[in-house]
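Q: Could you walk me through reading a model's inside, from single side chains to empty spaces? Let's have it up on screen first.

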Amino acid sequence: MCFSGQNGASASWIWRRMLRQVIHRGLKASFYWLGLFVSRHPVFFLTVPAVLTIIFGSTVLSRFKPEKDLEILVAPTHSLAKIERSLANSLFPIDQSKNKLYSDLHTPGRYGRIILHSKSSGNVLELADHVLQVHKEVLDLRVNYKGFNYTFAHLCVMSHRDKRCLLDDIIAILEDIRLAILSNSTLSKVPLSYPNTTLKDGRVSFIGHQLGGVTVSNSRDQQVKFARAVQITYYLRNHGPAVQDVIAEKWENEFCKLIHRLSTVSEDLNIQSLTSYSLLRDFQKTGVLAKSEVLVSLVLVLLAATISSSMRDCLRGKPFLGLLGVLTICIANVTAAGIFFISDGKFNSTLIGIPFFAMGHGTKGVFELLAGWRRTRENLPFKERVADAFADVMVCYTMTSSLYIITFGMGASPFTNIESVKIFCQSMCVAILVNYFYVFSFYGSCLVFAGQLEQNRYHSVFCCKIPSVEYLDRQPAWFKTMMSDGHDLSTHHDSIPYQNHFIQHFLREHYTEWITNTYVKPFVVILYLIYASFSFMGCLQISDGSNIVNLLASNSPSVSYALTQQKYFSNYSPVIGFYIYEPIDYWNNTVQEHLKTLGHGFNKISWIDNYFHHLRVVNVSVSTKSDFINILKTSFLRSPEYQHFTDDIIFSKNGDEYDIIASRMYLVARTTEKTREEVVELLERLRPLSLINSIKFIVFNPTFVFMDRYSSSVISPILTSGFSVLTILILTFFLVINPLGNFWLILTVTSVELGVLGLMTLWNVDMDSISILCLIYTLNFAMDHCAPHLYTFVLATEHTRTQCIKISLEEHGAAILQNASCFVIGMLPLLFVPSNLTYTLFKCSLLTAGCTVLHCFVILPVFLTFFPPSKKRHKKKKRAKRKEREREREREEMECIEVRENPDHVTNV
């Protein structure tokens, strides 16, 4: 039974191996016939892509539309914060309370905001008159629409009580300071505490976000001694007809122009502005700034591809094929862009990475086809050489293209919660599919025509007949150099003229001997240990990239405003709305203690705290519902200093009684300069309490929409893409000829991915939508370059691993170097685009190319000589074949001897 089990396992292994070989040979035969079909109809396959490019390319200009909603792009699509916003808005309209729900950059609706600080770093309160003059200029600002002039008073958010524009309380404080200065009084005569101050009408106001860089006295009331900056916000109405939004947009544009002019003219104040449109404008500004750099990048890639495809051999050098390969990917990208806009796609600045990513994959196929052409036999007809190149290259290129579509397809799936990532992945899938079609059709046709010129002995550059050797020997040296076909360049090492390509010559004669040297291997192992340690250290320091500033143009007004805001106004978090959406017994001592516990550690702006303070002042106690509500309505809310709390309570009348069905208060936390991280921690701390506490409440600030679950949302695409690749490579273990190829590919891609992730973190790159897209691309880029390299090694039949790795480097090393160098050269111009988005794109792309080349040329050539697959079986097979040949040779010699001894027998035959 034991022997039968072993025989069964052996038979099963043999059947699986036969199945793998049948599949592999079937694929190679399919692509051989595809190459033969393309070579027989080159004009058709050249014309169809060109016509498609013209059709779809024309739609890029006619249907181009930019995205106009930043929240749709960068905020998590599905989050609790959006549900909480809807609930809060149904209770207390956010448009009417956004002046209280302060948010640093994500204030809802239309608004204009300014920061004013002294140019001499002095006390901005002493410049109260200058600040108020700027304020007056803003109020007097007029915009013309269809013959009518509109000012801030026509567009502002109105107060429910007196129907006046809602303005920040710092304006009233500055008015008092100006009057004090005009009356020759000192600033200390104006009572101003921080962060809560009492106004003239008795109201207590929180000014932590309106006065920045504050120095307070050591006294108990914390009087303000010095302030460096003032922030004023002008809120515009959100609701109303569409024409009102158009006027508000014009007002914002004129507001920015006014502030820029005033900042230029003012000798004492630095003034910076921000509007609701500023973030989107500066986000889309990257696409405008990068136009010239993208063109420069294209020119550089064309030059690099042309030079790297050239040889001294004027017959076999293919500089124009390198140039046409890049142009093939360019027209494929134009076609993909046309398809994107035809399907109602809207442009956003993250899409700027698609041409570079698609170029990185497409040119790899181009250079592999060119290398495959060099490996074909010259004595074959050019059509069969094209077919052989297709059979040699397209199997692996098809596999890597499929993995591109699968990984980016998973990024475009419903699992992805960031819309900009989803749009990018969808567009990338289309670009890869179009690239694949154009490479075997358009570029395949170019390869056919180039092969025909070579077969007819035409010059690869000048397209003229190459003279005979006798004629060249009579010509000057410069003429022989230009017209030489390589017959005098071959050495005893270079039996094949194509091996004269400078990259292949360097790899064969110098690099492969050096990297496989026994004395080099220990240093490579040490280098990998250093690489792994830095990568691991970086992976432990990954930081959240929810800050929208990371995606804006670096020299834009929004970035400078955000930096100033962080410098002067980071002492307090955004104002968090605390909404109690179910009736509770406010007069109950237990409920009051619960509310105090929930608000512990926060600076509270609460009607209930002020109400109990009012009860203590009037020396009244309430213990029943009727007393509580009666005094609240008849006394507290009618007092001038407490009237504004009317907007924070919702009453319902039940017969003769009133009930409080909902209410709100505001919480502000003390923070440091890392405000965003601390706000996320606050949200994660408060939200679980809302689920388990007896008081039913929600917390909301407009910033939460951009922060809520951002880390998990932004990481999920790379996790799903990586898991899909891992699953596919494991499932195809039984389909590839040698499963160890997939095993090594998994290890290599994982090493590259973790290396890029760790090193980009050490290079101050946060985990935002751009870096996540780069990490998804890193998976594919590593597979694209390592897969042919590894499969050639595991399928090689040489005596030793060292010889196999040399063959693998000689066959694929040139294409890997060509593509990686073109990719890095193409990314270099992005370094000169003044945008945080392109800086992130450049850093991640450079690390991707660097780590991949490091593994292909340094780490894998050394580690593959230590570990499986073993090549002993090939050595035994070759030894057996050699013995068989020797026996056949001995048998032939014996037959010859017999023939010599029996000439009559030969004559008879």
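Q: Which residues does Ser 349 touch, not counting residues up to four places away in sequence?
A: Ground rules first: this is a predicted model, where local features need pLDDT of at least 70 and side-chain atom pairs count only at pLDDT 80 or more, while totals for chains, interfaces and linings use all residues. Residues are numbered from 1 along each chain as its sequence is written, and side-chain values use heavy atoms, with hydrogens and water left out. Contact means heavy atoms within 4.5 Å. On that basis, Ser 349 touches Phe 283, Gln 284, Lys 285, Thr 286, Gly 287 and Leu 837, leaving out residues up to four places away in sequence.

Q: Is Ser 349 buried or exposed?
A: Buried means under 20% relative accessible area, exposed over 50%, and partly exposed in between (1.4 Å probe, protein chains only). Ser 349 has a relative accessible area of 0%, so it counts as buried. You'll find Ser 349 in the loop between α12 (319-342) and α13 (354-375); helices (H or I, at least four residues) and strands (E, at least two) are DSSP runs, numbered from the N terminus.

Q: And which backbone oxygen lies 2.7 Å from a polar atom of the Ser 349 side chain?
A: A polar contact is a pair of N or O atoms within 3.5 Å; within protein, one must be able to donate a hydrogen and the other to accept it, and residues adjacent in sequence count only if both atoms are side-chain atoms. Here the oxygen belongs to Phe 283.

Q: Where is His 209 found?
A: Look in the loop between β5 and β6 (211-212). His 209 is buried because its relative accessibility is 5%. A polar atom of the His 209 side chain lies 3.4 Å from the backbone oxygen of Tyr 572. Setting aside neighbours within four places in sequence, the contacts of His 209 include Tyr 102, Gln 231, Phe 569 and Tyr 572.

Q: What about strands: which residue is the bridge partner of Tyr 579 in β15?
A: Two strands pair if DSSP finds at least two bridges between them. β11 and β15 pair in the antiparallel sense over 4 bridges, and Tyr 579 has Ile 698 as its partner. Strand β15 (residues 697-700) is covered on both faces, with Phe 697 and Val 699 buried on one side and Ile 698 and Phe 700 buried on the other.

Q: Now the empty spaces: what volume does the largest pocket have?
A: Rolling a probe the size of a water molecule over the atoms shows where empty space is left. On a 1 Å grid over the protein atoms alone, a cavity is a set of points where a 1.4 Å probe fits but cannot get out, and a pocket is an open set with protein on both sides within 12 Å along at least five of seven lines; lining residues have an atom within 4 Å of a point. Grid points are joined across faces, edges and corners, and a volume is the space filled by probe spheres set on the points. The largest pocket comes out at about 1500 Å³. Its lining has 48 residues, with Asn 99, Leu 166, Leu 167, Asp 169 and Arg 203 nearest the centre. α8 gives the most to that lining, 5 residues.

Q: How many cavities of 30 Å³ or more are there?
A: The count is 2. The largest cavity has a volume of about 60 Å³, and its lining includes Val 74, Phe 706 and Tyr 710. The second largest is about 50 Å³, and β14 supplies the largest share of its lining, 3 residues.
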